[in-house]
Number of protein chains: 2
Amino acid sequence: MADIKTSANPLFLREDELRRGIELLFYAYRDFTAEPDAMLANHGFGRAHHRAIYFVGRNPGMTVSALLGILRITKQSLNRVLGQLVREGFVERHAGVDDRRQRLLRLTATGVDLERRLSENQRARLARAYREAGADAVAGYQRVLLGIINEGDREKLANG
Amino acid sequence: MADIKTSANPLFLREDELRRGIELLFYAYRDFTAEPDAMLANHGFGRAHHRAIYFVGRNPGMTVSALLGILRITKQSLNRVLGQLVREGFVERHAGVDDRRQRLLRLTATGVDLERRLSENQRARLARAYREAGADAVAGYQRVLLGIINEGDREKLANG
DNA sequence: GTTTTTATGTCAGCCATGTTGACTTATATA
DNA sequence: TATATAAGTCAACATGGCTGACATAAAAAC
């Protein structure tokens, strides 16, 4: 009886393979966010704060709309966490230069520091996983995740 | 000038590569959960209900403690959603046979139906991503996600 | 130059889902 | 018989989504 589980087999998309892919994503995301969540709790912050800090740190000078587009939440939800971050000195808002209605976002020095501490855990975790899996596996990981993402962002992220 | 970005290069763990890995995981999870979330909202349910239904469907007859161990939430949080699912006829609880303190969980026919409809989207999305990425990429995707997961579950899931 | 649209912020209230802490019940085990 | 375990419950609280309504300033259209 032929081995129907070899990687070259076109039937690799059967139910079990998909179920496994779904579960691995659940477990990985669960463990990936657990430690930063615990650190954030000490500041009275939550995961939403981490996301805002992360993307502002990644895109200094980004507009509020751009951040909303990434997070896919309402501006009311965003402003709750963004307001806290501004009031507590982690994020700065400055009027845009060509469009003065815009509020350009950037991390303060304190914000940069918090972002680094928060993501350190995730970077270390991912670095270990990458190292143990090897470069080819990393390419596959990226290719599949890219395929999961909706078309619009997939194109934007494709050559990242 | 040599291409320092080839997949064989040992420097592939630099900052940018890790950042990309983090962001792909964020975007993929965001889009992976968006459609089931919308369906659940029509039932007055949320993502927590989906997780409970999914894992009970996957492990018929599982105990409450086993489910708690997977979801990593408190029993109070779980019981809120589990109670709703039982009251509304999606999940059944039966006393265990060898240990009658246990409540063994399983989906009703209605529950099986809901689970299938909820996960259909995710299975289709993942199937497309798998198909387009190819079997080698799928293996890499699984290997890296497995590496992200904490040791305890990693061993349990390794030969899944 | 006036009107309209856009970018952003804000107030109020609702819901889902996580938390802690205290307590109960039934059953298994020592 | 005493203790430990599996599960459920009540109460209160926080985070972070949501909707809807409204305000302000600046850009863009007319």
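This passage describes how two protein chains, A and B, meet each other and how they meet DNA strands C and D in a predicted model. Residues are numbered from 1 along each chain as its sequence is written, and chains are lettered from A, with ligands numbered from 1, in the order in which they are written. Because the model is predicted, local features need pLDDT of at least 70 and side-chain atom pairs count only at pLDDT 80 or more, while totals for chains, interfaces and linings use all residues; side-chain values use heavy atoms, with hydrogens and water left out.

A turn of 180° with a shift of 0.0 Å along the axis lays chain B on chain A with an RMSD of 0.1 Å (least-squares superposition on the C-alpha atoms of residues with pLDDT of at least 70 in both copies). The two copies are thus related as by a two-fold rotation axis. Within chain B, the residue closest to this axis is B:Tyr141, whose C-alpha lies at 1.8 Å.

The contact between the chains (heavy atoms within 4.5 Å) takes 59 residues from chain B and 59 residues from chain A. Of the interface residues of chain B, 100% are also interface residues in chain A, so the copies meet through the same surface. The size of an interface is often given as the accessible area lost when the parts come together. Here chain B and chain A bury about 6,400 Å² between them, and 66% of this is on carbon and sulfur atoms (accessible area lost on being put together, 1.4 Å probe, summed over both parts).

Eight salt bridges are counted between chain B and chain A (a side-chain nitrogen of Lys or Arg within 4 Å of a carboxyl oxygen of Asp or Glu). One of them joins the side chains of B:Glu23 and A:Arg58, at 2.9 Å from N to O. On the side of chain B that touches chain A, helices H1 (15–43), H2 (47–58), H3 (64–71), H5 (109–133), H6 (135–148) and H7 (151–158) each supply at least two residues (helices are DSSP runs of H or I, at least four residues, numbered from the N terminus). H1(B) gives the most to this side, with 17 residues. By class, the side has 31 nonpolar, 10 polar and 18 charged residues.

DNA strand C has 26 residues around it, and A:Ser65, A:Lys75, B:Arg51, B:Ser77 and B:Arg80 come nearest (a residue is near a strand if one of its heavy atoms lies within 4 Å of it). Of the atoms of strand C that come within 4 Å of the protein, 55% belong to sugar and phosphate. An N or O atom in the side chain of A:Lys75 is 2.4 Å from a base oxygen of strand C, whereas a polar side-chain atom of B:Ser77 lies 3.4 Å from a phosphate oxygen of strand C. H2(B) provides the largest share of the surface near strand C, four residues.

DNA strand D also has 26 residues around it, of which A:Arg51, A:Arg80, B:Ser65, B:Lys75 and B:Arg101 come nearest. Sugar and phosphate make up 57% of the atoms of strand D that come within 4 Å of the protein. A polar side-chain atom of B:Lys75 lies 2.3 Å from a base oxygen of strand D. A phosphate oxygen of strand D is 3.2 Å from an N or O atom in the side chain of A:His49. The largest share of the surface near strand D, four residues, is from H2(A).

Methods
Buried area is the accessible area (1.4 Å probe) that two parts lose on being put together, summed over both. Ala, Val, Leu, Ile, Met, Phe, Trp, Tyr, Cys and Pro count as nonpolar, Asp, Glu, Lys and Arg as charged, and the others, Gly among them, as polar. A polar contact is a pair of N or O atoms within 3.5 Å; within protein, one must be able to donate a hydrogen and the other to accept it, and residues adjacent in sequence count only if both atoms are side-chain atoms.
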